[in-house]
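Colleague: I'm new to reading these models, and words like "buried" get thrown around a lot. Could you show me how each label is earned?

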Amino acid sequence: MLIVGLTGGIASGKSTVAQIFRRAGAAVVDADAIARRVVEPGQPAWQSIKAEFGEQVIKPDGTLNRPLLGKLVFTDEILRRRLEGIIHPKVRDRMIQEVARIIDASPDALVIKDIPLLFETGMTDGLSEIIVVYVPMAIQLERLMLRDAIDSEAARERIMAQMPIEEKRRLGTMVIDNSDDLSHTEAQAMRIYAELANRARNNR
C-alpha cells in the first residue's frame with residue numbers, strides 16, 4: 001500500500017485530477033466530502049457551528065447556510081479559524097478511519113488523501129508523497145471568478161485565505177501543472193499514477 005496526499009489551491013483543478021486518479025483505480029479519500037458529512041444536521045460539528053455562529057447560519061430545513069457562512073468566514077480570519085477548529089479535527093478522524101478500512105480490505109491499495117488545505121491543517125503525517133495541482137495565481141483567479149460567478153475582489157479574498165499556490169508548489173514532492181488543456185493534465189496525472197500504483201503493489 002501507499003498513502004499519498006493530493007492538494008492545490010482553490011480553482012486549481014485538484015478535483016479534476018482526483019477524478020482521473022479515481023478512474024485509474026486509486027482509492028481517493030475526499031476531505032471535502034467528509035467535511036460535508038460531519039456538518040449534517042444533528043452531527044457534533046453541526047451543533048458546535050450553530051452554537052458558535054448562531055441560528056443565522058442554519059436554514060429552515062436544518063442544513064447549514066453555506067453561502068452565508070462562507071461570506072462570514074472569508075472576510076474574517078478569526079471566524080474562519082474558529083470554523084476550521086470545529087470541522088478539521090472531525091475530518092481528520094474520519095479520514096484516518098476511512099484509510100484504515102481501505103488498507104484492511106486491500107493491502108496493496110494506492111490511497112490518495114484529497115485535502116484542499118493539506119499544508120494549512122498540517123495533515124501531512126504518514127504521506128509518502130504530496131502531489132500539488134498547480135496553476136499560476138492569475139489563472140486561479142480567472143477560473144474562480146468564472147466557476148463561482150463572483151467578482152475579482154471576492155475571488156482574491158478566497159485565494160488569499162489559503163497558503164499561496166507558489167508555496168504549495170515548493171512544498172509538494174510531485175507537481176501537476178494544470179495551466180494547459182485537460183489532455184496535458186491527464187497525461188501528467190497518469191504518469192504519476194503508474195509510478196505510485198507500482199510502488200503500492202511492492203510496498204505490502
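Modeller: Sure. A residue is called buried when its relative accessible area is under 20%, and exposed when that area is over 50%. Keep in mind that we're looking at a predicted model.

Colleague: What makes Ile 87 buried rather than exposed?

Modeller: Ile 87 has a relative accessible area of 14%. The cut-off for buried is under 20%, so Ile 87 counts as buried. You'll find Ile 87 in helix α5.

Colleague: Which residues is Ile 87 in contact with, leaving aside its neighbours within four places in sequence?

Modeller: Those are Ala 35, Val 38, Val 39 and Ile 49. Contact here takes heavy atoms within 4.5 Å. Take Val 38: it is 49 residues from Ile 87 in sequence, yet their C-alpha atoms are 7.4 Å apart in space.

Colleague: Which residues are buried in helix α4?

Modeller: Helix α4 runs over residues 66-74, and its buried residues are Leu 69, Gly 70 and Val 73.

Colleague: How do you know which side of α4 they are on?

Modeller: Around the axis they cover an arc of only 100°, so they end up on the same side of α4. That buried set packs against α3 (44-53) and α5 (77-105). On the face turned away from the buried side, α4 carries Pro 67 and Lys 71, which are exposed.

Colleague: What caps the N-terminal end of α4?

Modeller: Asn 65 does, with a side-chain oxygen 3.2 Å from the backbone nitrogen of Leu 68. A polar contact needs the two atoms within 3.5 Å, and 3.2 Å fits that.

Colleague: Why do you say the charged end of Arg 169 sits over the ring of Tyr 134?

Modeller: The distance from that charged end to the ring centre is 4.1 Å. The limit is 6 Å, and the charge must also be within 35 degrees of the ring normal. Arg 169 is listed as sitting over Tyr 134.

Colleague: How many aromatic pairs are there?

Modeller: Zero, after a search of the whole structure. To pair, ring centres would have to lie within 6.5 Å.

Colleague: And the whole chain: what radius of gyration does it have, and what would a compact globule have?

Modeller: The chain has 18 Å, and a compact globule with 204 residues would be near 17 Å, so the two agree. The chain holds ten helices and five strands, and buried residues make up 44% of its residues.

Key
Residues are numbered from 1 along each chain as its sequence is written. This is a predicted model: local features need pLDDT of at least 70, side-chain atom pairs count only at pLDDT 80 or more; totals for chains, interfaces and linings use all residues. Side-chain values use heavy atoms; hydrogens and water are left out. Rings of Phe, Tyr and Trp (its six-membered ring) pair if their centres lie within 6.5 Å; planes under 30 degrees apart count as stacked, over 60 as edge-to-face and the rest as tilted. Buried means under 20% relative accessible area, exposed over 50%, partly exposed in between (1.4 Å probe, protein chains only). Helices (H or I, at least four residues) and strands (E, at least two) are DSSP runs, numbered from the N terminus. The arc is that of the directions from the helix axis to the C-beta atoms. A polar contact is a pair of N or O atoms within 3.5 Å; within protein, one must be able to donate a hydrogen and the other to accept it, and residues adjacent in sequence count only if both atoms are side-chain atoms. The radius of gyration is taken over C-alpha atoms; the globule rule is 2.2 Å times the number of residues to the power 0.38.
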